[in-house]
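Visitor: Could you take me closely through one part of this protein, the sheet and what packs against it? I would like the terms spelled out as you go.

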Amino acid sequence: MPRPPLRILLVEDHELARRALTAKLAEAGFRVVGEAATLAAARSLAPRLAFDIALIDVYLQDGDGIDFAAELRTADADATIVILTGSKKPNDLLRALRAGADGYLAKDFSSERLGEALRAAARGETPIARAMTPVLVREYQRQNRARRARSRVVRERLTPREWQILTLLADGKSTAGIAFDLVVSIETVRSHVKAVMRKLDVHSRVAAIACLDEMRDSAELPLAS
């Protein structure tokens, strides 16, 4: 028995574009079960509608489709949310992914490619318009540079002994275990741990270890001595 077509909630403010998309989706084997031309209409419709994929434009007459995507993600962690837009602004792509979108597609996709991308999103993949891939690469590079800069600042704050103790904490050592290994008192270890947390501006050992993990991820790991 064939599977029923995936159901689409389509949020698009231009009527002609909405009609064209509805036809394109039908051609690709989907069923549009709800249409909204405004953010207000989408907000009203979504809770009353059973759909598999929300297909959302960015710029709507009364608001931002990415805001709606974030609201859907908050309401339903497992929802499949795909942005379909003509926008090629890098920030729109990044905002969409931060909002929890499962894909970011261009409106000029053919019916076949659109169908493939939406089915991929429904399977848990993250289809991104090919033209937007360099945006993700540049953002990753930017974030990596920022992590490296933060790592350098953190390295300069801690003494070699504090680095050593932080590394041992990250390796799972207890306070008593660190004191034994370093041949110092437990109170000395606790004093160093407090200094580490103060300098890193964190309030727990777990958060301090997370700072070390971030430096390891950015390949800026300091050497303990």
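Guide: What follows is a walk through the sheet, its helices and one residue beside them. This is a predicted model, in which local features need pLDDT of at least 70 and side-chain atom pairs count only at pLDDT 80 or more, while totals for chains, interfaces and linings use all residues. Residues are numbered from 1 along each chain as its sequence is written, and side-chain values use heavy atoms, with hydrogens and water left out.

Five strands make up an open sheet with parallel pairing, in the order E2-E1-E3-E6-E7; strands (E, at least two residues) and helices (H or I, at least four) are DSSP runs numbered from the N terminus, and two strands pair if DSSP finds at least two bridges between them. Strand E2 (31–36) and strand E7 (103–106) are at the edges with a single partner strand each, so one side of each has no neighbour in the sheet. Neighbouring strands are turned by 25° against each other on average, direction ignored, where axes are lines fitted to C-alpha atoms, for helices over the stretch in contact, and angles run from 0 to 180 degrees between N-to-C directions.

Within the sheet, strand E1 (residues 7–11) pairs with strand E3 (residues 53–56) in the parallel sense over four bridges, and Ile 8 stands opposite Ile 53 in E3. Helix H5 (residues 111–122) packs on the sheet and touches E1, E3, E6 and E7, contact meaning heavy atoms within 4.5 Å.

Leu 72, in helix H3 (residues 65–75), touches Ala 54 and Ile 56, among others, not counting residues up to four places away in sequence.
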